[in-house]
Every structure is written in structure tokens, then in C-alpha cells.
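Please open the model in your viewer, with the sequence panel beside it, and keep a selection tool at hand. The tour moves from one selection to the next and says at each stop what is to be found there.

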Amino acid sequence: MPKLTQLSPLKTPHRMGPASATFEPPAWVEWLGITGQGGAALAFVSILMGVATSRIAISKHLRVRSTTVSAWVAAMVKAQLVTELPSRPGGRGRPLGQLIANPNRLAVAVLMVHSQALHLVTVNLLGQEIWHDSAVVDPQGDNAAMDAILTALQQRALAALHMVGISYALAGLINVDEANWVFAARWPGIRNFKLTALPVPAGGALNVVRNMDAQLRARCIRRGTGGTTERTLMLHWGYGIGAAFSASHGASVDNTTGFGEVGHWQLSNRNLRCRCGHSGCLETVAALWAIGPQLLGESFDDAMDETQAAELLRAMPLTEHPAFRLALQEVVLAASNLCRVFFPSHLVITGPFIENPGAWAAFTEAFSKRGLLVDLPLPRLEAQNSSHQLEQEGAAVPLLLDGLLQLLEPSAV
Ligand SMILES: [Zn+2]
């Protein structure tokens, strides 16, 4: 039996039961759009979202014949995705049975890294969390400690629910194709952690994604591009620092997976030791793990979630703090250089610091002053609030989508 001495609950106890109200349903119509699949799955989504909840309503909403709708409803009922209530007594003509979706027919486990903690949430078809458990992994932990904690978290979740698979949304350097967590600055003692060795739900799928790629993909899909080309660079400035890039061509979204480790870019004239083992990395002067103790003093906690950090930082006179000013200067420089590499049309900054209005104003001013090359226009700047919605959606929906299509359109999968 693995030792679980490093498994300790977060301050907020894990919860199980009905959904948290903070998450919205996935943008199902848009997600289905990128698969090119419609039909029964789209009809199911219409019922799930309450847009059309009878055969006639689906027929009108999707502009399809009633015989087609009948076939879809039969498939949905057979797959236990939908229940059809009996028609109204005394009704004439075609029965008006109400269709009720079962959002818990499929669920997926999503493993996310928030600060020093692992969060395992199980998400249903409405994006509701039906299980949430977490554990802090000690910064000194090694592969064996990570294995023990992940295995325990997963076994608890897998025993409780039927799932289509597990999706790891990870921070750090990840070999996605080989499901290998190469390195994470949060746990310097963990190297080449093989995710394939961990338990997977029976018959379920394993999905590995960089957390920023999951977030950016869900964001682009939610936004839609209206057939235009949009190049989005997302820079996360938080506990760690990272970036993701995506180019949208109409409905399709290409993520540049495995995008480099911006947080470990080398700075000149800096020699602070970084968690990655090198010195002079950007994170050593700008990441929350590095400057959090100076900014927040006693209130700083390595295990705090970025949304909690954002709450604390929001009302502080951040721009007056020398440590923050240096961090801002280096992050703006990194953002500005990234724009010279990727030429994004849109630069999205995420993380707890920019939720401070003064800090965001200082960021936009310093970024604009740097300009781009010749007279090229600067990308549109946007601050995105700390939320795990997009990360969770981007990690969960691909597996839920596969599960749904396998149930309803097996020939298309
Ligand atoms: Zn480093």
C-alpha cells in the first residue's frame, strides 16, 4: 500500500452532491459544430439545455422531419439519455410527451492543478460538478508521493461514479502524446511522471492536456469566430507563468500544443534560484509563488487557489510595491516579445494580479508604450478573470462529446 502521509485536505472540505452554481453548462452547440456532427446529438443538446423538449419542438427548432426526430428520440431513450413522459391524457393527435434529459448519464473526471493542490472534479453533461475532492502535494514530493495521492484521489472518485474517462489538465511541461508529465515547477522532485500507470475508469478514455490549452480552446469555441481568422495568445500570470496560442479559422481551432515554458525564460542580470533548478527565470521575479510572500505576508499560503489570491490582491495598492513593479516590468516585456513571435490579433491576460484595477491599468499602459514593429497594430488586450470554468470545460467536453457520439451516432465515431 502506498503511504499517504502527504495527503492532506485543503481548507475547504471536499464536497459531493448537487452542482456548484458557479459553472455554466458547456457551449454544446459550438463544441458539436467543430465535430461536424449534428443530428441526434444536437437534438439531445436541445433537450438538455431546455431549448426544445418535445418531438414537435425539436422538429421545428432543427427543421427536420418528424420521422427523423422519432428515430433520434428512440436512440436517446434506448441510450438512457432521455426519458419521455407519457402524453397528456385526453390529448388528440400526436402525443405531446415531454422529453427530459438525464445530465448524469455521462460524466468525466477532470484532474486540475491549482497552486500546490490537485483537484479532481467529476463533471456531468451540464458541466455541473457532481464530485469534488482535493489534496495538497508537498513541494518536496517525488514521483512516489504524487502517485500515491493521485491514485487515492482517483480511486475515491472512480468508486463513486460511472464515468466515460479521465482528463488531466496539467501545468508545467507535458508530453501530451505519451501522457508523460515531464516537469512542474510546483513539484521540482517530480520528473517524467507516467499518467498511463494510474487507474482509468473501466472502458474509459485517458485524455491529457496542458491546462492553458484546455482553457484557450474552450474560450475560442465559446467565442466563435464568425468565419474570421483570429490569432489568440493567452498569457497566464499567476502562481506560475505560462502561455498558449491558438489560431482560429472559422469554426476550427488549432491549438499550438506544447507551447514553451515562458515562466522559465531566462532574464539577464537576475540570479535568483528557480523551482525548476535553474537561476534567473522569469518566475523568480514575477510568479505568485515567488513574490506572493512579499506582497501578502502572513496571508500568503502556497496552497491557496488563484481565485483566493485574486480576492486578497484586488484591493491592495499593488503598483506601489517595488516587488510588483519589477514583476510587472518583466511580464510586460515577456508579453511584448511573445507578440513579436506570434503576432496575435488578441492578447488575453489571465491570473490574479490583473484583477487589481490599478495593476491592469499599469499593464495596459506599459504594454501600449512598448508598441510593436513599425506601424503594426497592437493586439487587442483583454483581461480574463480567474475562473476554472474554461479549463474544466476544455478538459471535460472532448471526452463527454466522444461518449455522447458513441451512444447516439456510433457510425460517426
Ligand atoms: Zn525556472
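Begin with Asp177, which counts as exposed because 9 C-beta neighbours lie inside 10 Å, where a residue is called exposed at 12 or fewer. Asp177 has its place in the loop between strand 8 and strand 9. Before leaving this residue, add Asn207 to the selection: Asp177 and Asn207 are 30 residues apart in sequence, and their C-alpha atoms are 9.5 Å apart in space. Please keep in mind throughout that this is a predicted model.

**The sheet around this loop**

Now select strands 8, 9 and 10, which form an open sheet in the order 8-9-10 with antiparallel pairing. Strand 8 (173-175) and strand 10 (191-194) are the edge strands, each of them pairing on one side only. From one strand to the next, the twist averages 25°. Zooming in on strand 8 and strand 9 (residues 180-183), you can follow an antiparallel pairing over three bridges, in which Asn175 stands opposite Asn180 of strand 9.

Stay with the sheet and select Asn192, which lies in strand 10. Its phi is positive, at about 45°, although Asn192 is not a glycine. Most residues other than glycine have a negative phi. Is Asn192 buried or exposed? Asn192 is exposed, with 12 other C-beta atoms within 10 Å.

**A second positive phi, and a hairpin**

Move next to Ser115, another residue other than glycine with a positive phi, in this case near 55°. Ser115 lies in the loop between strand 4 (107-114) and strand 5. Ser115 is buried, with 24 other C-beta atoms within 10 Å, the threshold for burial being 20 or more.

From there, extend the selection to strand 5 (residues 117-124) and strand 6, which pair in the antiparallel sense over seven bridges. Leu118 stands opposite Ala135 of strand 6. The two strands, 5 and 6, make a hairpin with four residues between them, and in the turn Gly127 has a positive phi of about 75°. How many of the eight residues of strand 6 (residues 129-136) are buried? Seven of them are, so strand 6 is largely enclosed by the rest of the structure.

**Two helices**

Select helix 2 (residues 39-48), a mostly covered helix in which eight of the ten residues are buried. The buried residues are Ala40, Ala41, Ala43, Phe44, Val45, Ser46, Ile47 and Leu48. To see what covers them, display the surrounding elements, among them helix 1 (28-35), helix 3 (55-62), helix 4 (66-78) and helix 12 (389-408), together with strand 2 (82-84) and strand 3 (99-101). Just after helix 2, Gly50 takes a positive phi of about 75°.

Then go to helix 10 (residues 322-342), whose 21 residues should span 30 Å at 1.5 Å a residue, in agreement with the 30 Å between its end C-alpha atoms. Colour the buried residues of helix 10, which are Phe324, Ala327, Leu328, Val331, Val332, Ala334, Ala335, Leu338 and Cys339. They cover an arc of only 165° around the axis, which puts them on the same side of helix 10. An α-helix has 3.6 residues a turn, so residues three or four places apart point the same way. Turning to the other side of helix 10, you will find Pro322, Arg340 and Val341 exposed. Phe343 follows helix 10 and has a positive phi, near 45°.

**The whole chain and its confidence**

Finally, select the whole chain, which has twelve helices and 16 strands. Of its 413 residues, 44% count as buried. Among contacts between residues at least 6 apart in sequence, 66% join residues at least 24 apart.

Colouring by pLDDT completes the view: the chain averages 83, and 86% of the residues score at least 70. Confidence is highest in helix 7 (residues 283-286), at a mean of 96, and lowest in strand 1 (residues 15-16), at 37. Over residues 1-21 the pLDDT stays under 50, and the model has 31 contacts beyond four places in sequence for this stretch. Where pLDDT is low, the predicted coordinates should not be read in detail.

Definitions and conventions: Residues numbered from 1 in each chain as written. Predicted model: local features only at pLDDT ≥ 70, side-chain atom pairs only at ≥ 80, totals over all residues. pLDDT = per-residue confidence, 0-100. Contact = placed C-beta atoms within 7 Å. Expected span 1.5 Å × (residues − 1). Arc of directions from axis to C-beta. Pairing = 2+ DSSP bridges. Axes fitted to C-alpha atoms, helices over the stretch in contact; angles between N-to-C directions.
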